[in-house]
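Please open the model in a viewer and keep a selection panel at hand. The stops below are given in the order in which they may be selected.

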Amino acid sequence: MSDALVTAAPIGAPIGAPRPTVYIETYGCQMNVADSELMYGKLVASGYDAVDVPDGADVILVNTCAIRENAETRVIGRLGELKKFMRPGSVMGVTGCMAQRLGPRVLEQARHVSIVVGPDGYRALPELLDGARRGEKFTATDFDLEEHYEDVVARRFEGVKAWIPVQRGCDYRCTYCIVPTTRGPERSRKLHEVVREVHEVVNQGLTEVVLLGQTVNSYNDGTHDFADLLRAVGAVDGIRRVRYTSPHPNDFSDRVIAAMAEVPTVCGHIHLPMQSGSTSMLKKMLRRYSREDYLACVERMRAAIPGLALTTDIIVGFPSETDEEFADTLSLCQEVRFDDAFMFKFSPREGTPATRMPAEWTIPDDIVATRFELLLKTVRGISRENNMRRLGDTVEVLIEKVARDGELLQARSRDFKTIMVPADAGAIGDYLTVKLSGTTGATFMGTPVVEQTERKPLPMMAG
Ligand code: SAH
Ligand code: SF4
Ligand code: F3S
């Protein structure tokens, strides 16, 4: 521990005192993962040591999600469990979307929590925590439309790829969605700031970046659009893979599609949330596109980007959904043949327009469950068929981590397939060429063929 770090101890800590420790537990989407990395960065720079277990930590932060009711119920339960890891003098804080949504209500529901901080308030964490240690309680949930945490150096969890927020907030108003309430209005970072961070990431030895935003392809910093951003990030020397999530179907300009097709480092996979295959449902969801618009968007992208992989999000049981409207969702899945989908049962969120729809529109749980099972079967069946056809293909993979079984390594192809590779942990971060030798239907087994040691020109949008 250097003197410089000791003197950076939190205000009030005696010089030479051990650095306090902070543990952050993260729920929700990649944006929350990126925010937790920023919080760790901010707190480490302010004199804390980051730890990866809650046991005995001086500060426990729970970075929360509010997207569906079960996301919140789980966190409330977890706050109770985490209490037993606290020792005298340690403090607990709740951050993220549920903190923003519930504000001081969190303090009432969990009395051992001292601070509640929304997504735009993390800069003040060191001071808020100092106050909390003196026994004070705080709620900080103001939006700050200028806040992009530009000067905070993220402390990244993953050794292989970097989450890079390029936009915060959302200006859409999908009637089911809490995000505009929890994240506030849309704002984009300056392109040069994003590019600066990508250079930093390369210097840390990472080769893949994932650009994040709620409707990331509506990115606009006043001068540059998302096409400019893809081209600028994709051209950074040392970057081999550029991904992004989540785009909105309405914001796929020809310029963005052309940038995807032309920049070799941009991966040939798009996560394109569809939500429903029924135009009447989409209208009630206020998604601002029809079934035909969605299909036309897919067609434009596939025409420009051969071998493009597509994944999606689907909601089942939105108010008033009929059997026919649900059948439209199934048929759209058949038509597009998604590589994979995240499927969700509709969850009413307090304050969203969907909760003001007529009570008789509510779909009974048993019908939702039956539809959900049918959708799951359909999506998995298509995914299995798509994957079976890939057997024997040779693909480039990036080794990400040790797989859950502890034996194999888990890798990703450029088109986002999960591939298990027999190699030793030293290969994490390497690019290998593997032959797809087996599939469970969802994931692949890959047999290494040639080790790629040099950067080769990448095939245009190859799968
Ligand atoms: N910004 C992204 C989605 C973010 S939320 C977009 O517009 O696509 C991730 C997914 O959660 C959504 O795509 C949607 O499928 C699901 N979701 C959001 N609110 C929900 C709710 N109230 N009930 C069920 N699923 C929901
Ligand atoms: Fe929510 Fe719609 Fe915004 Fe996505 S685009 S975050 S679903 S309001
Ligand atoms: Fe959840 Fe907030 Fe992300 S509600 S999905 S953590 S933006």
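Begin by selecting Ile-164, which counts as buried because its relative accessibility is 0%. The model is a predicted one. Ile-164 belongs to strand β7, which covers residues 161-165. Now display the surroundings of this side chain. Leaving aside residues up to four places away in sequence, Ile-164 touches Arg-189, Val-194, Glu-197, Val-198, Val-201, Val-209, Val-210, Leu-211 and Leu-212. Next, add Asp-35 to the view: its C-alpha atom is separated from that of Ile-164 by 9.7 Å, although the two residues are 129 residues apart along the chain.

**Helix α8 and a salt-bridge network**

Select helix α8, residues 191-203, and within this helix pick out Glu-193. Is Glu-193 buried or exposed? Glu-193 counts as buried, because its relative accessibility is 19% and the cut-off for a buried residue is under 20%. Then select His-148, which is 45 residues from Glu-193 in sequence, with a C-alpha to C-alpha distance of 9.7 Å.

With Glu-193 still selected, extend the selection to its network of salt bridges. The linked residues are Glu-37, Glu-150, Arg-156, Arg-189, Glu-193, Arg-196, Glu-197 and Glu-200. Two members of this network, Arg-189 and Glu-197, have a place in the picture already, since Ile-164 touches both. For the model as a whole, the count comes to 40 salt bridges.

**Individual salt bridges**

Move on to Arg-241 and Glu-208, which form a salt bridge whose closest N and O atoms are 3.9 Å apart. The pair links distant parts of the chain, 33 residues apart: Arg-241 lies in strand β11 (residues 241-245) and Glu-208 in strand β10 (residues 208-212). Both Arg-241 and Glu-208 are buried.

Select Arg-255 and Asp-225 next. Their side chains meet in a salt bridge, with an N to O distance of 2.7 Å. Arg-255 is in helix α10 (residues 254-262) and Asp-225 in the loop between β10 and α9 (226-234), so the salt bridge ties together parts that are 30 residues apart in sequence. The two partners can be compared by accessibility: Arg-255 is partly exposed, with a relative accessible area of 45%, whereas Asp-225 counts as buried at 18% relative accessibility.

The next pair is Lys-417 with Asp-339, a salt bridge in which the closest N and O atoms are 2.7 Å apart. This pair also links distant parts of the chain, 78 residues apart. Lys-417 is found in the loop between β16 (409-413) and β17 (418-421), and Asp-339 in the loop between α13 (323-336) and β14 (340-345). Both residues are buried.

**Glu-321 and its surroundings**

Select Glu-321, in the loop between β13 (309-316) and α13. Glu-321 counts as buried because its relative accessibility is 3%. A polar contact of 2.9 Å joins its side chain to that of Arg-371. Show the rest of its surroundings as well: not counting residues up to four places away in sequence, Glu-321 touches Met-281, Ile-315, Val-316, Phe-326, Ile-363 and Arg-371.

**Domains, and the interface of domains 2 and 4**

Now colour the chain by domain: domain 1 (3-140), domain 2 (158-267), domain 3 (269-388) and domain 4 (394-448). Keep domain 2 and domain 4 in view; their C-alpha centres lie 25 Å apart. At this interface, 11 residues of domain 2 are in contact with 12 residues of domain 4.

How much area is buried between domain 2 and domain 4? The area is about 960 Å², and carbon and sulfur atoms give 42% of it. On the domain 2 side, select Val-160, Arg-240 and Arg-241, which supply 57% of the area that domain 2 buries against domain 4, more than any other three residues. Arg-241 is thus met again here, having appeared above as the salt-bridge partner of Glu-208.

For the last stop, select Lys-161 and Glu-400, whose side chains meet in a salt bridge (3.0 Å, N to O). Between domain 2 and domain 4 there are 3 salt bridges and 10 residue pairs in polar contact, with both residues at pLDDT 80 or more. Colouring by class, the side of domain 2 that touches domain 4 shows 4 nonpolar, 2 polar and 5 charged residues.

Notes:
Residues are numbered from 1 along each chain as its sequence is written. Chains are lettered from A and ligands numbered from 1 in the order in which they are written. This is a predicted model: local features need pLDDT of at least 70, side-chain atom pairs count only at pLDDT 80 or more; totals for chains, interfaces and linings use all residues. Side-chain values use heavy atoms; hydrogens and water are left out. Domain bounds come from an automatic or database domain assignment. Contact means heavy atoms within 4.5 Å. Buried area is the accessible area (1.4 Å probe) that two parts lose on being put together, summed over both. A salt bridge is a side-chain nitrogen of Lys or Arg within 4 Å of a carboxyl oxygen of Asp or Glu. A polar contact is a pair of N or O atoms within 3.5 Å; within protein, one must be able to donate a hydrogen and the other to accept it, and residues adjacent in sequence count only if both atoms are side-chain atoms. Ala, Val, Leu, Ile, Met, Phe, Trp, Tyr, Cys and Pro count as nonpolar, Asp, Glu, Lys and Arg as charged, and the others, Gly among them, as polar. Helices (H or I, at least four residues) and strands (E, at least two) are DSSP runs, numbered from the N terminus. Buried means under 20% relative accessible area, exposed over 50%, partly exposed in between (1.4 Å probe, protein chains only).
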